[in-house]
Amino acid sequence: MIRFLLNDRLIQTDAPTSTVMLDFIRSNQHLTGTKTGCREGDCGACTVLVGEWADGLMHYRSMTSCLMPLGNAQGRHIVTIEGLNRPDTLNGVQQAMVDEGGTQCGFCTVGFVVSLAGYCLSHKAPSTQNGIASIDGNICRCTGYKSIERAVDRIGAALRERPAPTDALPWLVQQGFLPDYFRQIPQRMAQLETSVQNGLHPTGIHTEASTDVVLVGGGTDLYVQRPETMRHTAVRHVFRAGEQPPIWREDDIVSMSGACTAAQLGESPVLLDHFPDLPAHLKLVSSTPIRNMGTLAGNLINASPIGDLTIWFLALDAQLIFFRDNVRRIVPLRDLYRGYKTLNKHPHDVLESLFFTLPRPGAQFRFEKVCKRTYLDIACVNSAALIETDGDCIRRAELSVGGVAPVPLYLARTSAFLAGKPLSPHTLEEANAIAQTEISPIGDVRGSVAYKRLLVRQLMQAHFASFLEAPHNPS
C-alpha cells in the first residue's frame with residue numbers, strides 16, 4: 001500500500017509501484033491538467049511538485065511525472081496543476097502569466113505554472129536568475145519566452161516581501177499564490193511521515209537486492225530506455241531525496257550516498273567549499289526537474305560513455321562501496337567499466353555509497369561539455385580535469401573524457417605524463433598527443449571521429465587555459 005498526499009487528498013493505493021506517476025495522475029485519478037508530452041523528461045508539460053517534510057519545514061522540488069515511478073511518491077506531497085488552482089480566481093503565478101501574455105496554445109502552460117509555483121515555495125531568494133532557473137526544464141514553442149520572463153520578474157517582485165521559510169507557506173496562501181488547503185499540509189505531512197515509518201509501506205528502502213526485482217532510483221534513465229517493460233517490472237525503490245545527510249565529510253574524505261541526487265550535489269556545503277564552480281558544472285547536467293530526480297548511483301551504473309557525473313568522479317579517483325549478502329566491497333570507479341555497458345559488479349550488488357579524497361588546497365578542478373544545445377542535452381564529448389601544482393610545476397594531474405571510447409575514459413597515460421611537467425602550452429601540446437592515442441572515438445549522430453578528436457584537444461585547451469590563469473601554489 002502506497003500512501004501519499006495528492007493535492008489535498010490522502011491517496012492509499014495498491015497500484016504497482018512501477019506505474020508512471022503521469023499515468024496514475026491522468027488515468028487513475030482523472031487529473032488531466034498534467035499533460036502528456038515527450039515522455040522523456042525534456043518538455044516539462046507533465047511537471048509536478050514533490051514535497052517532503054524535513055527539519056520542521058516543507059521542501060518542494062519540481063519533477064517530471066512521466067519518468068517518476070509511483071513508489072517514489074511514498075510519504076510525499078504530490079502537487080499537480082489542479083492542486084494549485086484557487087476557487088473562482090487565478091493564483092499569483094497564473095495571473096502573472098496572463099498579465100504578461102505568457103501563454104498561447106496553452107499546452108506547456110501548466111508545466112510552467114507548476115515550476116514557478118515551486119520557485120515560490122523554494123527557500124531560495126527571489127531573483128530573475130533563480131526564477132528563470134526554475135523553468136529550465138520547461139519548453140514553450142509559441143511565446144518566444146520573453147513574455148514568460150516578464151512574468152517571472154512580476155512574480156519575483158511580489159516574492160520580495162516573502163518572509164522566512166518558517167512563515168513563508170501561510171504568507172503564500174494569504175497572498176493568493178496557493179489555495180487554502182496548503183495551510184494544513186505541514187501537519188498532515190508530519191502525521192503521514194509517522195504512519196509511513198510505522199511500516200505501512202512494504203516496498204520500502206532496502207540495501208540488499210534480490211534476484212527478482214530491479215532497483216530504481218529517480219527513474220530518469222530506465223523509464224526512457226524501456227518505458228513499457230518498466231511498467232510491468234517488480235521494482236525496489238531506493239530514491240531518498242530527503243535523506244539527511246546525503247553527503248558528509250570525515251577529515252579529508254568526502255562520502256555520499258548512492259541515492260544522492262544531482263541537485264543535492266549542487267547544494268552541498270561540503271562540495272561547494274572545495275568546488276566553487278560546481279553549480280555552473282551541474283547546470284550543464286540536464287534540467288532542474290531531472291537533477292531533482294536523477295541519482296548518483298543511477299548515473300554511474302548506467303555506464304553511459306558520456307555520463308556527466310561519471311566523468312566528474314573519474315577525475316577525482318572516486319571509490320565505490322557495493323553491498324551484497326551482508327558484505328561490502330570497495331571498487332575504484334576507474335576499475336568499474338570493463339566494456340560497453342559491462343560492469344565489474346555482481347548483478348545483485350547495490351551501489352551503497354561513494355567516497356573520494358579531497359584535492360589539496362589550491363587544486364584546480366574543471367568540467368567541460370560540448371553538446372548540440374547548451375542545456376538539457378547529452379554530450380558529444382565531455383571532460384573533467386584536476387590539477388595540483390607546486391609553483392609552475394604540475395604536481396598531480398587527473399583527466400577523464402567521455403564520448404570517445406566504449407566506456408567513460410580515465411586518461412591514465414596522459415595524466416601520468418603531466419605529473420612533474422611545467423604548466424605550459426608546450427606541455428599541453430605533448431599531453432594532447434598522448435591523449436589522442438588513448439581515445440578511440442567512433443562516428444555517430446553526435447559527431448564524426450575527426451570532430452570528436454578535435455573536441456578532446458579543444459577541451460584540454462579549455463582546462464589548461466583556466467589553470468594557467470589561476471594563481472599557482474607556492475613551491
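Two strands are taken to pair if DSSP finds at least two bridges between them. The model shown in these views is predicted.

**View 1. Strand β9 and its pairing with β8.** Strand β8 (residues 247-250) and β9 run antiparallel and are joined by four bridges. Within this pair, M256 of β9 is the bridge partner of I247. Two residues lie between the strands in the hairpin of β8 and β9, where D251 adopts a positive phi near 60°.

**View 2. Strand β9 and its pairing with β14.** An antiparallel arrangement with five bridges links β9 to strand β14 (residues 350-357). Here F356 in β14 is the bridge partner of V254. Of the five residues of β9 (residues 253-257), four are buried, so the strand is largely enclosed by the rest of the structure.

**View 3. The open sheet of five strands.** Pairing in this sheet is mixed, and the strand order is β2-β1-β5-β3-β4. The edges are occupied by β2 (9-13) and β4 (57-64); each has a single partner strand, so one side of each is left without a neighbour in the sheet. On average, neighbouring strands of this sheet are turned by 30° against each other, direction ignored.

**View 4. The β1 and β2 pair.** Five bridges connect strand β1 (residues 2-6) with β2 in the antiparallel sense. L6 is placed opposite R9 in β2.

**View 5. Helix α3 on the sheet.** Helix α3 (residues 109-121) packs on the open sheet of five strands, where it touches β3 (47-54), β4 and β5 (77-79). The direction of α3 makes about 25° with that of β3.

Methods: Residues are numbered from 1 along each chain as its sequence is written. This is a predicted model: local features need pLDDT of at least 70, side-chain atom pairs count only at pLDDT 80 or more; totals for chains, interfaces and linings use all residues. Side-chain values use heavy atoms; hydrogens and water are left out. Axes are lines fitted to C-alpha atoms, for helices over the stretch in contact, and angles run from 0 to 180 degrees between N-to-C directions. Contact means heavy atoms within 4.5 Å. Buried means under 20% relative accessible area, exposed over 50%, partly exposed in between (1.4 Å probe, protein chains only).
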